[in-house]
Amino acid sequence: MSAQPITARAALLEVHDLHVRFDLPNDRQLHAVQGVSLSLRRGELFGLVGESGCGKTTTILALMGLLPSSATVSGRIELEGQDLLAEGEASMRPHRWNDVAMVFQGAMNAFNPVKTVGSQLVEPMELHELAEGREAEARAGELLELVGIGKERASRFPHEFSGGMRQRAAIAMALACDPKILLADEPTTALDVMVQAQILELLTTLSHDLELTLVFVTHDLPVIAELCDRAAVMYAGEIVEEGSVETLYHDPRHPYTRLLFAAIPDAMGDKDVASIPGAPPRLDQEIVGCPFRPRCDVSFERCVTERPLPIWLSEQHRAACHRNDEVWAAAAP
Amino acid sequence: MRGADYIIKRTAFALITVFVAITLNFVLFRALPGDTIANLSKVPGATPQLRAELTEEFGLDQSKWQQYWIYLGQLAHLNLGVSFSSTEPVTSEVGRAVVNTVPMVLLGTVFSVVFGTITGVLAAWKRRTLLDHGSVSLALIFYSLPTHWLGLMLLLLTAGILPRGGRTDEFLFNPTFTEHMIDIGKHMLLPSLTLGLVLYGQYTLVTRSAMLETLGEDFILTARAKGMRDRTIVRRHAFRNAMLPIITLVALSFGYIVAGSILIETVFSWPGVGLLVSRSVQRRDWPVLQGAFLVLTISVVFFNYVADLLYFKLDPRITT
Amino acid sequence: MSTALESEPGVVAETSERRLRTAVWRLMKDRPSAVVGAIVLGLIVLLAIFAPLVAPHGIHDKIGPPFGRPADFKPLGLDDGGTDVLSLLIWGARISLIVGFAATLVAMLIGGTVGILAGYYGGSTDTVLMRITDYFLAIPDVPLMIVVAAIWGPSLSHIILVIGMLLWTSTARIVRAQVKSVRERVYVKRARALGAGDARIVFRHVLPQVAPLLVANTVLTIAVAIFDETALAFLGLSDPSKISWGKMIKNATESAAVSYGAWWAIVPPGVCVAIVILACTLIGSAMEDSLNPRLRVAHLAARGFRIGTEG
């Protein structure tokens, strides 16, 4: 384990102004990701939060270049200085699984049902020429043990695993090539609470032990609050606020973040569970002004016409809201 | 053993279906009211002695149930009666015909499976490109052409170049083995090709849709995320998985193959089971029709059974 | 769809009628080929209906010598009896289409009934009916059709019944699956709680939901039925007093049209059959696709994602 505090380490992955547009029929486009910028360091636990449709899954798919041909991606994705988007598929592919791996939403289906789980762990190792044959099989066994599955299960088929086991196996598979970054898309949805806790603990341990950068995508706030060091809140395809989880919880500077985190039921049951009325804006039309304004409780004239740009409030904290010179923590809804 | 249940169930089903077919055969040909066909001894031009023998053999003067029982016994001895037109035993006629049908159908089916699968895979892989649209259009057209009509078209097109029909050239005296083989080959080409083209359309469409379904599965995205090239994904994951629905749908086409072979053999006078069916229908040669029908039905049931077992072998998820 | 709305039978009917209309609209946008198919099919049906007005000659009118060439006897030449091929085509359309539609109707009635009974009552009724369906499916249909037609004797009604009796299995399966899923829906349970009888429930609630898929299946069955008629006719099992496209092909073959090179006696009827089958297949599968959308993302694209330049 490195003695360096996370914030002092060099950036591992830097995303600059990422845009993703999908072609729609009738010559229209869906602007799913609108200028996302991020910086990730080794070993950090980073959360990406937002309601469904906000673009978080599209963002992490873009990081691995796993978008269909109806997508146009622009911006820079720099992994240790190298731009992954420079030549599209060709510059992306060598880094897949090797450097950046992913645990998909609904990992139950990530496995091919007619092949053994073990063979699917071995596959990327042989593909990237890291190991083969006996050696690869042994390593697959080790990985399974690492996530708490007996290594004799490698010769079994996916349908013989329970949901929670398959999730863990998917994590083992993601680690097969010793990646630097693990993207986890809703890894605990559709699992029961006990299993959820196990998976979360597993991910935290792995991140610490292997110096693995974890990007945790979810709409489930308590999980972020518990697991992550830093998080970014996404809305309508852009990051509206980013900072340490502490800051987001205690000092949110964007109304959406405030309302979101206020909706977390307090352990004491003191706070109300507030859901935010209204719906996010359509992404196939250009947005004028602040995208959150229709649902915002503190908007004013400036919000109607001018789209807020992110403002750095401290070294690690930024938010995209016109009201950022005021302290909102005290303003109860 | 995995899925012992499944195997037993499928075997039982196959056997029962064969039994149903056998009984259906009897009911249709012997037990229906009206005496035009029921009387197997009505071999046209038969001597009274032959008639008496047949009546004795098939119990034609006894009740239907007893006849049924006798019928089952005879099937066990592969005795299917005597042809009305040739007075030969049905079993030997049908047996000869089967030997002729098999190579012709095999050639056509292999052709269509191979080309149909390849085209289907490519069309699914390069979806929405010209290759896809073109392949689908071509497949649809071939699928819509009536089998016998396609055969006639091919005859028209190759008039003079390829033989008009039959299996061998009657005027080829004492051919060497090679000459004989070439002769048969020339005669077999068009019938097999007709069958192949008609099935090709079906298999292309089937393979394509099975592949499209598979390519939309999550594990394909995982494979891509692992850094696999498209080509490898198609080969190693997509096709392997799509084989399952493909086998099912190929099995369903066996009935189509049988229907096709009846029509094709009639068009080309290819001396197989299909021609036997159409000739016996024409001549009202009921014993032969009965025998041919039974053979065709049992083969379809058998091949479906084989397909079931194959599917079971390939899909580890089946346990019951 | 809210369940409160669904308890009103009138609204259910409207919703499913709207569903059907939406399906048709989507069809027209996404699959122009299906629309073309429908138009062509419609034209052929019209031609058949108005045969007496449209056909230039009668089917028994001897215009010229056997196999008169198209160059001499426009537009399609003469068949082996010296009759105008075009007129035969138009008159033959009647029988071909009648057999196709009527046999399909028979198949739909049988299959629909079996499917509804099996799906609605479940249990042992279901098992028994499905076993029977399975056996019917397992036995190859064309040989059985041939045998029954041969024994029964060729007449129009016999042919229709024979074909229909072997085509009902796919309809039964689809209907059963649909009925099963509809049966569990809240508004059906509610209707039953209110005391509605089985028949009423089936007709007012279940059938409208089943209808769209049933229509798609029907169209596809018509294609098969028309093919089967051609096959039976080719083997001499069709009604000898009527002319159909299948019969035309048979007549041409028997009178050695191939040897004469009289392609005009063989090609046109086959083309007509192919067109109708193609049209039905296009329409039917387009309908099936729009009702059962398998709009999955194909994870493999011919090219990967594209790099853009705008910010």
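Colleague: Which residue of strand 2 of chain A stands opposite F22(A)?

Modeller: F22(A) faces L30(A) across the pair. Keep in mind that this is a predicted model. Strands of a sheet pair through backbone hydrogen bonds, either parallel or antiparallel. Here strand 1 (residues 11-24) and strand 2 (residues 28-41) of chain A run antiparallel, joined by 11 bridges. The hairpin they form has 3 residues between the strands, and N26(A) takes a positive phi near 65° there.

Colleague: With which strand does strand 1 of chain A pair over 8 bridges?

Modeller: That is strand 4 (residues 71-79) of chain A, again in the antiparallel sense. Within this pair, E14(A) stands opposite E78(A).

Colleague: How do I read a sheet with many strands, and in what order do the 8 strands of the open sheet in chain A lie?

Modeller: Start with the side chains: in a regular strand they alternate between the two faces of the sheet. Then read the order across the sheet, which in chain A is 6-7-8-3-9-10-12-11, with mixed pairing. Strand 6 (100-103) and strand 11 (311-312) of chain A each have a single partner strand, so one side of each has no neighbour in the sheet. Inside the order, strand 9 (residues 230-235) and strand 10 (residues 238-244) of chain A run antiparallel over 6 bridges, and R230(A) is set opposite S244(A).

Colleague: Which strands of this sheet does helix 5 of chain A touch?

Modeller: Helix 5 (residues 163-174) of chain A packs on the sheet against strand 6 and strand 7 (181-185), and its direction makes about 170° with that of strand 6 of chain A. Helix 9 (residues 255-262) of chain A lies across strand 9 and strand 10, at about 110° to strand 9 of chain A.

Colleague: Now the helices of chain B. Why is helix 7 of chain B described as largely enclosed?

Modeller: An α-helix has 3.6 residues a turn, so residues three or four places apart point the same way. In helix 7 (residues 147-157) of chain B, 8 of the 11 residues are buried, so the helix is largely enclosed by the rest of the structure. The buried ones include H148(B), W149(B), L152(B) and M153(B). Their cover includes helix 8 (177-215) and helix 11 (254-268) of chain B, together with helix 10 (198-234) and helix 13 (263-291) of chain C, among others.

Colleague: How far can I trust the coordinates, and which element of chain B has the lowest mean pLDDT?

Modeller: Where pLDDT is low, the predicted coordinates should not be read in detail. In chain B, helix 2 (residues 35-38) has the lowest mean, 50, and helix 7 the highest, 92. Chain B as a whole has a mean pLDDT of 84, with 92% of its residues at 70 or more.

Colleague: How many residues of chain C are in contact with chain B?

Modeller: On the chain C side there are 38, in contact with 48 residues of chain B. Elements giving two or more residues to that side of chain C include helix 6 (123-138) and helix 7 (141-152) of chain C. By type, the residues on that side are 28 nonpolar, 7 polar and 3 charged.

Colleague: What does the secondary structure of chain C come to, and how much of the chain is buried?

Modeller: Chain C has 13 helices and 1 strand. Of its 311 residues, 46% are buried.

Colleague: Which residues have the most contacts inside the largest nonpolar core?

Modeller: That core has 262 residues, and V215(A), A292(B) and C280(C) are among those with the most contacts inside it. Helix 5 (residues 85-121) of chain C supplies the largest share, 18 residues. Neighbours within four places in sequence aside, C280(C) is in contact with L41(C), V219(C), L220(C), I222(C) and A223(C).

Key: Residues are numbered from 1 along each chain as its sequence is written. Chains are lettered from A and ligands numbered from 1 in the order in which they are written. This is a predicted model: local features need pLDDT of at least 70, side-chain atom pairs count only at pLDDT 80 or more; totals for chains, interfaces and linings use all residues. A nonpolar core is a set of buried Ala, Val, Leu, Ile, Met, Phe, Trp, Tyr and Cys residues joined through C-beta atoms within 7 Å. A residue is buried if 20 or more other C-beta atoms lie within 10 Å of its own, exposed if 12 or fewer, and partly exposed in between; C-beta atoms are placed from the backbone. Helices (H or I, at least four residues) and strands (E, at least two) are DSSP runs, numbered from the N terminus. Two residues are in contact if their C-beta atoms, placed from the backbone, lie within 7 Å. Two strands pair if DSSP finds at least two bridges between them. Axes are lines fitted to C-alpha atoms, for helices over the stretch in contact, and angles run from 0 to 180 degrees between N-to-C directions. pLDDT is the predictor's confidence in each residue, from 0 to 100. Ala, Val, Leu, Ile, Met, Phe, Trp, Tyr, Cys and Pro count as nonpolar, Asp, Glu, Lys and Arg as charged, and the others, Gly among them, as polar.
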